[in-house]
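Work through the following exercises with the model open in a viewer. Each one sets a task and then solves it step by step.

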There are 2 protein chains.
Amino acid sequence: MKFDTDEQEFLDKYDPSDYPSIAVAVDIVVFGISKSTPKSYRRLGKQSLNIMLVKRKEYPFKDKLALPGGFVLPEETIDETAKRVLKTKTELNEIYCEQLYTFGDINRDPRMRVISCAYIALVDTEKTQIKDAEWVDADIIKNTDLAFDHAVIIMEALKRLRGKINYTDIVFYMMPEKFTISQLQEIYETILQKKLLPAAFRRTISGKIIQTEEFTQNAGHRPSRLYRWIGNCADSVNK
Amino acid sequence: MKFDTDEQEFLDKYDPSDYPSIAVAVDIVVFGISKSTPKSYRRLGKQSLNIMLVKRKEYPFKDKLALPGGFVLPEETIDETAKRVLKTKTELNEIYCEQLYTFGDINRDPRMRVISCAYIALVDTEKTQIKDAEWVDADIIKNTDLAFDHAVIIMEALKRLRGKINYTDIVFYMMPEKFTISQLQEIYETILQKKLLPAAFRRTISGKIIQTEEFTQNAGHRPSRLYRWIGNCADSVNK
DNA sequence: ATTGATATTATCAATTTGATAATATCAAGT
DNA sequence: ACTTGATATTATCAAATTGATAATATCAAT
């Protein structure tokens with residue numbers, strides 16, 4: 001055996017306060033769906049997956065786009081930091097938010113050692129006012145130079161979304177109250193990055209949604225029925 | 001709008017080095033499979049899912065069992081910390097290791113604010129010597145009082161394992177070089193906490209394994225064929 | 001040869017998925 | 001009123017996957 005006992009002793013004695021501190025930050029990938037404003041057409045604007053970004057006002061990476069974030073304060077949990085950061089950018093309190101991954105490369109921040117605990121948040125953009133931030137199309141972000149390692153964080157966030165969309169109901173946190181099945185399918189397609197067959201999609205999704213008696217109008221084709229997520233229907237429990 | 005601009009300004013000015021530091025640690029849930037030593041029988045000992053634990057030598061939680069862990073040093077990434085901690089407990093270099101979740105409750109460590117970035121590692125216990133640590137059956141751990149919030153961390157690790165077992169090949173990092181399908185099924189059953197039908201299990205697993213010409217012996221019943229994981233077979237690429 | 005035990009293969013029904021076709025409904029143009 | 005273009009919705013059938021059970025195989029011990 002070539003175990004190094006000294007190393008073990010060293011570790012036992014190690015007191016982190018003897019060392020220059022490592023700062024802990026939270027960065028949040030906030031996803032939302034935005035409709036590109038329809039121009040001359042009468043049609044609905046195509047929907048797309050958007051991410052909330054902030055233009056940095058200070059160095060490093062001044063004027064570049066970055067994820068909203070902030071440092072973890074001594075008296076708050078990491079989740080609380082995430083919620084606090086969200087509050088500075090939106091007015092919503094009830095936002096779906098889950099931890100994604102912690103990024104700890106040594107030089108990810110040029111100023112000092114900063115470890116970033118990344119989160120994912122999903123919001124309904126129709127209900128959400130944003131401040132000091134902007135929505136950017138996820139496809140456009142791929143060709144954008146972002147601050148820090150935020151491009152990597154976003155890639156991981158997209159992976160998580162892709163991985164979870166088929167066995168959870170998280171998409172619905174991004175959907176408006178009422179939506180058509182085609183709209184929903186369009187979101188699935190941009191997240192999964194592939195086309196789905198409408199008939200099959202309908203089948204699989206049907207257990208998660210409830211029809212309303214409303215329809216889209218003036219479409220130049222058969223109107224489509226509006227649905228709600230079953231998780232949004234208090235009715236579904238009682239009836 | 002009731003956005004608080006002052007808060008934003010505060011955050012922009014916030015310099016983490018002004019505050020008492022937050023220490024960052026890594027704790028690792030190392031999974032392995034151990035055979036309970038067969039006693040008077042001639043049969044193979046039942047296999048079980050085990051987790052590597054360390055008996056604490058110092059306060060707090062002196063003499064309690066804890067996950068192996070250590071602090072993140074200024075010059076290493078979090079992944080490197082995890083690998084270093086693993087090396088103090090095992091002799092293996094090539095160990096499957098992935099980040100699990102970061103635990104940041106304020107009082108999870110009574111000494112000071114410590115955030116723990118938890119990892120999962122999977123090892124083949126037959127190849128792995130351990131030092132200053134012991135294997136404990138996952139079922140027994142459920143009724144054991146562990147140090148810190150390590151019981152919570154282990155619960156999350158088990159969830160991750162359960163979630164990933166069906167769409168990845170991670171189990172095989174815990175399996176010995178050669179194994180029977182029943183042994184493999186037993187591991188699946190303890191991880192998923194439910195019985196599986198042998199015929200169906202065989203079918204679904206068959207694409208991931210390759211048969212050898214070896215069989216178990218002296219079993220008092222039909223011998224079972226030994227298989228290898230396809231990912232362990234250089235052959236499978238060439239032939 | 002029989003029994004008990006587990007491994008392995010076979011079989012068939014039930015369910016889920018993939019793919020395509022058929023039908024419906026609107027606006028706009030003829 | 002009828003046709004066209006567009007998308008929504010339902011129907012249909014084949015293909016693949018899964019659930020469940022039965023049949024067969026092979027060993028040690030009796």
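How do the residues of the surface near DNA strand C divide into nonpolar, polar and charged? The model is predicted, and the division is five nonpolar, seven polar and seven charged residues.

**Exercise 1. Describe the protein surface around DNA strand C.**

Step 1. Collect the neighbours. DNA strand C is surrounded by 19 residues, and the closest are A:His221, A:Arg222, B:Ser182, B:Arg202 and B:Gly220. Of the strand C atoms within 4 Å of the protein, 59% are sugar and phosphate atoms.

Step 2. List polar contacts. B:Ser182 places a polar side-chain atom 2.6 Å from a phosphate oxygen of DNA strand C. For A:Arg203, a polar side-chain atom is 2.9 Å from a base nitrogen of the strand. B:Gly220 uses a backbone N or O atom, 2.5 Å from a base nitrogen of DNA strand C.

Step 3. Assign the surface to elements. Two or more residues come from α6 (198-205) of chain A and from α6 (198-205) of chain B. The largest share, three residues, is that of α6(B).

**Exercise 2. Repeat the analysis for DNA strand D.**

Step 1. Collect the neighbours. There are 19 residues around DNA strand D, of which A:Ser182, A:Arg202, A:Gly220, B:His221 and B:Arg222 come nearest. Sugar or phosphate supplies 60% of the strand D atoms within 4 Å of the protein, and bases supply the rest.

Step 2. List polar contacts. Two of them end on phosphate oxygens of DNA strand D: a side-chain N or O atom of A:Ser182 is at 2.5 Å, and a side-chain N or O atom of A:Arg202 is at 2.3 Å. A polar backbone atom of A:Gly220 is 2.4 Å from a base nitrogen of DNA strand D.

Step 3. Assign the surface to elements. The elements giving two or more residues are α6 of chain A and α6 of chain B. With three residues, α6(B) gives the most to the surface near DNA strand D.

Step 4. Sort by class. The surface near DNA strand D has five nonpolar, eight polar and six charged residues.

**Exercise 3. Check the length of helix α4 of chain A and find where its buried residues lie.**

Step 1. Compare spans. Helix α4 of chain A has 16 residues (150-165), which at 1.5 Å a residue should span 22 Å; the end C-alpha atoms are 22 Å apart, so the two values agree.

Step 2. List the buried residues, with burial meaning under 20% relative accessible area. In α4(A) they are A:His150, A:Ile153, A:Ile154, A:Ala157, A:Leu158, A:Leu161, A:Lys164 and A:Ile165.

Step 3. Look down the axis. The buried residues of α4(A) fall within an arc of 140 degrees, so they line one face of the helix. The background is that an α-helix has 3.6 residues a turn, so residues three or four places apart point the same way.

**Exercise 4. Work out the topology of the three-stranded sheet in chain A.**

Step 1. Give the order. The sheet is open, with strand order β8-β10-β9 and antiparallel pairing.

Step 2. Find the edges. β8 (179-180) and β9 (209-215) of chain A each pair on one side only, and are the edge strands.

Step 3. Examine one pair. β9(A) and β10 (residues 225-229) of chain A pair in the antiparallel sense over four bridges. Within β10(A), A:Trp229 stands opposite A:Ile209.

**Exercise 5. Locate unusual backbone geometry.**

Step 1. Recall the usual case. Most residues other than glycine have a negative phi, and most peptide bonds are trans.

Step 2. Find the cis bonds. A:Tyr59 and A:Pro60 are joined by a cis peptide bond with omega about -5 degrees; A:Pro60 is in the loop between β2 (47-55) and β3 (65-66) of chain A. In chain B, a cis peptide bond with omega about -5 degrees joins B:Tyr59 and B:Pro60, and B:Pro60 is in the loop between β2 and β3 of chain B.

Step 3. Find positive phi values. B:Phe61 has a phi of about 65 degrees and lies in the loop between β2 and β3 of chain B. For B:Phe148, phi is near 50 degrees, and its loop runs between α3 (138-141) and α4 (150-165) of chain B.

Step 4. Classify both by accessibility. B:Phe61 is at 27% relative accessibility and therefore counts as partly exposed. B:Phe148 is at 16% and therefore counts as buried.

Technical notes:
Residues are numbered from 1 along each chain as its sequence is written. Chains are lettered from A and ligands numbered from 1 in the order in which they are written. This is a predicted model: local features need pLDDT of at least 70, side-chain atom pairs count only at pLDDT 80 or more; totals for chains, interfaces and linings use all residues. Side-chain values use heavy atoms; hydrogens and water are left out. A residue is near a molecule or strand if one of its heavy atoms lies within 4 Å of it. A polar contact is a pair of N or O atoms within 3.5 Å; within protein, one must be able to donate a hydrogen and the other to accept it, and residues adjacent in sequence count only if both atoms are side-chain atoms. Ala, Val, Leu, Ile, Met, Phe, Trp, Tyr, Cys and Pro count as nonpolar, Asp, Glu, Lys and Arg as charged, and the others, Gly among them, as polar. The expected span of a helix is 1.5 Å times one less than its number of residues. Buried means under 20% relative accessible area, exposed over 50%, partly exposed in between (1.4 Å probe, protein chains only). The arc is that of the directions from the helix axis to the C-beta atoms. Two strands pair if DSSP finds at least two bridges between them.
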